[in-house]
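Open the model in a viewer and keep the selection panel at hand. The stops below say what to select and what is there.

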Protein chains: 2
Amino acid sequence: MTSTNQVKTAYHHGDLRSSLLQAATDLIAEGGVDALSMRKLADRVGVSRTAPYHHFTDKHALLSALAEEGFKSYERAVEEALAGATSEDELLFRFARSYLEFAQAYPETYNLMFGQSVWKAGIPTEHLKTEAYHCFRRYVEHVTDWQQQGLLSEQVEPLHFAQVSWSTLHGLARLLLDGIYIDLKHLDELINLAVKMFRNA
Amino acid sequence: MTSTNQVKTAYHHGDLRSSLLQAATDLIAEGGVDALSMRKLADRVGVSRTAPYHHFTDKHALLSALAEEGFKSYERAVEEALAGATSEDELLFRFARSYLEFAQAYPETYNLMFGQSVWKAGIPTEHLKTEAYHCFRRYVEHVTDWQQQGLLSEQVEPLHFAQVSWSTLHGLARLLLDGIYIDLKHLDELINLAVKMFRNA
DNA sequence: ATCGAAAACTAGACAGTGTCAAGTTAATGC
DNA sequence: GCATTAACTTGACACTGTCTAGTTTTCGAT
């Protein structure tokens, strides 16, 4: 009677950590990140209020873990979009569009990945920092590829180009998600203009 | 004995609204926006916990009012920077630099102006929305000026250019303030690259 | 197979939060 | 001078994150 494959024993849950992460994404999907409290989360999973603290030192740690998952699925989404290109000319546009589609599709996740809830007051987990860093490094590698393919000027430092172009996309995403200055209607034109700027850098 | 120029009477404060705004900026300056609570604020000013609610319907309304002030001083800073230009060539760079300098100098204010604390959950005040809107409209006007001066391509829609370039600057500001992917050391080079992109759009 | 340590979990409590309802005091207009 | 209204207070409610101390289960070493 090992019980780990059965439903939980009354006391030991057996799979609390991932259950918490799942319930947390659910709660956030239902009412935004503000609707997520450690207590509601514990209630939802069916454990006591303080049980989650044995798996996450903090609420911030929990949010960081969610952000970490976000980086992974972002990476998947972008690589998939790039792989689907039929010509090199598309690459830049596909990247930009998939970036913004990800932000739109999972706004709360995007907020966690790049928002202050994790990066500022939270002091991000070491795990999260390296994950986010790798994510950017891979983008810089794409940039150098694109330079070699002649899609981008080889004059500019790849790192700098990556930083500025990421800023543009991040800015577009933020303004769009927050409802400031930008609305969905003309987004495609804005992406086109941004890509045009990237090309002529 | 009108008493408005004297210190407060015991009961009626006489100038609570602006005192609250002042104390709020102080508190935020001391420990970030998280360190601002309605109760601490009331304590600091020397009134009861619920007194502020006679001048601001909400905590969000209070934050919106601060953001509004932020937009005004932003506007001043930018116009001053542009006025100091000695040649038209400088204009774009001066704008970009003053934008980021403002964000760096008043990070918490910048957060309020463009952060989710006000725009998302808060449902921004009508006042704030129009203030922010005017701010952007004036930027669009600058853009059309710059186009006529030959600093920018006249091919692109001024609105779209304004949206994308603002996104770039906003993205740079956000990543910089949140400590993601960008550090102060190379900021000037990034601004230069961004401006170069703007020019070649 | 037993026993002790460690891991998983619970109950209770504390200090803090935003804000509502009802009551009190001062200013203001007629 | 008085009624209306605006400014302000006290008390309370329902939350929040998280600390401490205790309980229950699991597991590895003997």
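**Where the two domains meet**

Begin inside chain A of this predicted model. Select domain 1 and domain 2 of chain A: 9 residues of domain 1 are in contact with 8 residues of domain 2. On the domain 1 side, helix α1 (residues 16-31) of chain A gives the largest share, 5 residues. Sorted by class, that side of domain 1 of chain A has 7 nonpolar and 2 polar residues, and no charged ones. To colour the domains, use the bounds of the domain assignment, 8-55 for domain 1 and 58-199 for domain 2 of chain A. Their C-alpha centres in chain A lie 29 Å apart.

**Chain A as a whole**

Now show chain A as a cartoon. There are 9 helices and 0 strands in chain A, so the pattern along the sequence reads α-α-α-α-α-α-α-α-α. The C-alpha atoms of chain A fill a box of roughly 65 × 35 × 30 Å along the principal axes. Chain A has 201 residues, of which 36% count as buried. Among contacts in chain A with a separation of 6 or more, 57% join residues 24 or more positions apart.

**Colour by confidence**

Next, colour chain A by pLDDT. The average for chain A is 92, and 93% of the residues score at least 70. Among the elements of chain A, α8(A) has the highest mean pLDDT, 98, and α6(A) the lowest, 89. Then select residues 1-8 of chain A, where pLDDT stays under 50. For this stretch of chain A the model has 4 contacts beyond four places in sequence. Where pLDDT is low, predicted coordinates should not be read in detail.

**The contact between the chains**

Bring chain B into view. How many residues does each chain give to the contact? Chain A and chain B give 35 residues each. In chain A, the helices α6 (116-119), α7 (126-148), α8 (158-178) and α9 (187-199) each supply at least two residues of the side that touches chain B. The largest share of that side, 13 residues, comes from α8(A). By class, the side of chain A that touches chain B has 19 nonpolar, 10 polar and 6 charged residues.

Superpose the two chains next. A turn of 180° with a shift of 0.0 Å along the axis lays chain A on chain B with an RMSD of 0.0 Å. The two copies are therefore related as by a two-fold rotation axis. The same surface serves both copies, with 100% of the contact residues of chain A recurring in chain B.

**The nonpolar core**

Select Ala96, Leu172 and Ala194 in chain A and in chain B. In the largest nonpolar core, which has 112 residues, these six touch the most other members. Zoom in on Leu172(A). Beyond four places in sequence, Leu172(A) is in contact with Leu100(A), Ile182(A), Leu190(A) and Ala194(A), and also with Ser167(B) across the chains.

**Last stop: Tyr181**

Select Tyr181(A), in the loop between α8 and α9 of chain A. Tyr181(A) is not a glycine, yet has a positive phi of about 70°. Is Tyr181(A) buried or exposed? Tyr181(A) counts as buried because 22 C-beta neighbours lie inside 10 Å, and the cut-off for buried is 20 or more.

Move to Tyr181(B), in the loop between α8 (158-178) and α9 (187-199) of chain B. Tyr181(B) also has a positive phi of about 70°, and counts as buried with 22 C-beta neighbours inside 10 Å.

Notes. Residues numbered from 1 in each chain as written. Chains lettered and ligands numbered in written order. Predicted model: local features only at pLDDT ≥ 70, side-chain atom pairs only at ≥ 80, totals over all residues. Contact = placed C-beta atoms within 7 Å. Helix = DSSP H or I, 4+ residues; strand = E, 2+ residues; numbered from the N terminus. Nonpolar A, V, L, I, M, F, W, Y, C, P; charged D, E, K, R; others polar. Least-squares fit on C-alpha atoms with pLDDT ≥ 70 in both. pLDDT = per-residue confidence, 0-100. Domains from an automatic or database assignment. Core = buried A, V, L, I, M, F, W, Y, C linked by C-beta atoms within 7 Å. Buried ≥ 20, exposed ≤ 12 C-beta atoms within 10 Å, placed from the backbone.
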